[in-house]
Amino acid sequence: MSDLRDLYQEVILDHYKRPRNFGTLVTANREAEGFNPLCGDQITIYLQMEGDVVQDIRFQGSGCAISTASASLMTEVLKGKTLEEAQALFEKFHGLLTGTSEQDGGPEFGKLAVLSGVREFPVRVKCATLAWHTLQAALKNTRQPISTE
Ligand code: ZN
């Protein structure tokens, strides 16, 4: 189990140092900003939706390793997903972090499992879910920045 934990740490650090899909998206038709005042994490999500499919997704911002890695992993997992699939992933991910569900979401969800260790640190759960809450705001095209507080 500690080997698995080391592997998870490595993946998180890798995504923190080299975030995937980082930057603005000129073709975005949705965007939203999110803040986590507890930690100082700040993020903007850019989405290009076609119908109900996530055609492309990028993010920008600055935050701790957990919030950045979580956003990076989220963009990798969501590309090409439908709204319904995205919602299902968010619910599983949230369940994983709050300990209400175990990992059983298949290979796509497996990537997100690297963040499961966060559940031992409740204050960091908000870091890990910031990108996902911001995504929800982007999907609703919320103009007001959202906050985890
Ligand atoms: Zn944070």
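This report describes a zinc site, the strands beside it and one helix in a predicted model.

## The zinc site

The zinc ion is held by protein donors from Cys-39 (SG), Asp-41 (OD, listed twice), Cys-64 (SG) and Cys-127 (SG), at 2.2 to 2.7 Å from the ion. Along the chain these donors follow the spacing C-x1-D-x22-C-x62-C. Distant parts of the chain are linked in this way: Cys-39 lies in the loop between strand E1 (30–36) and strand E2 (41–50), while Cys-127 belongs to helix H5 (residues 122–139), 88 residues apart.

Cys-39 and Cys-127 are not covered alike. Cys-39 has a relative accessible area of 35% and is partly exposed, whereas Cys-127, at 1%, is buried.

## The paired strands

E1 and E2 run antiparallel and are joined by seven bridges. They form a hairpin with four residues between them, and Gly-40 in the turn has a positive phi of about 90 degrees. Asp-41 of E2 stands opposite Asn-36; Asp-41 is also among the zinc donors.

E2 pairs in the antiparallel sense with strand E3 (residues 53–62) as well, over nine bridges. This hairpin has two residues between the strands, and Gly-51 takes a positive phi near 65 degrees. Glu-50 stands opposite Val-53 in E3. E2 itself is mostly covered, with eight of its ten residues buried.

## Helix H3

Helix H3 (residues 83–98) contains 16 residues and spans 22 Å from its first C-alpha to its last, close to the expected 22 Å. Its buried residues include Leu-89, Phe-90 and Phe-93. After H3 comes Gly-99, with a positive phi near 80 degrees.

Definitions and conventions: Residues are numbered from 1 along each chain as its sequence is written. This is a predicted model: local features need pLDDT of at least 70, side-chain atom pairs count only at pLDDT 80 or more; totals for chains, interfaces and linings use all residues. Side-chain values use heavy atoms; hydrogens and water are left out. The expected span of a helix is 1.5 Å times one less than its number of residues. Buried means under 20% relative accessible area, exposed over 50%, partly exposed in between (1.4 Å probe, protein chains only). Donors are N, O and S atoms within 2.8 Å of the metal (3.2 Å for Na, K and Ca); water is not among the atoms, so sites may look incomplete. Two strands pair if DSSP finds at least two bridges between them.
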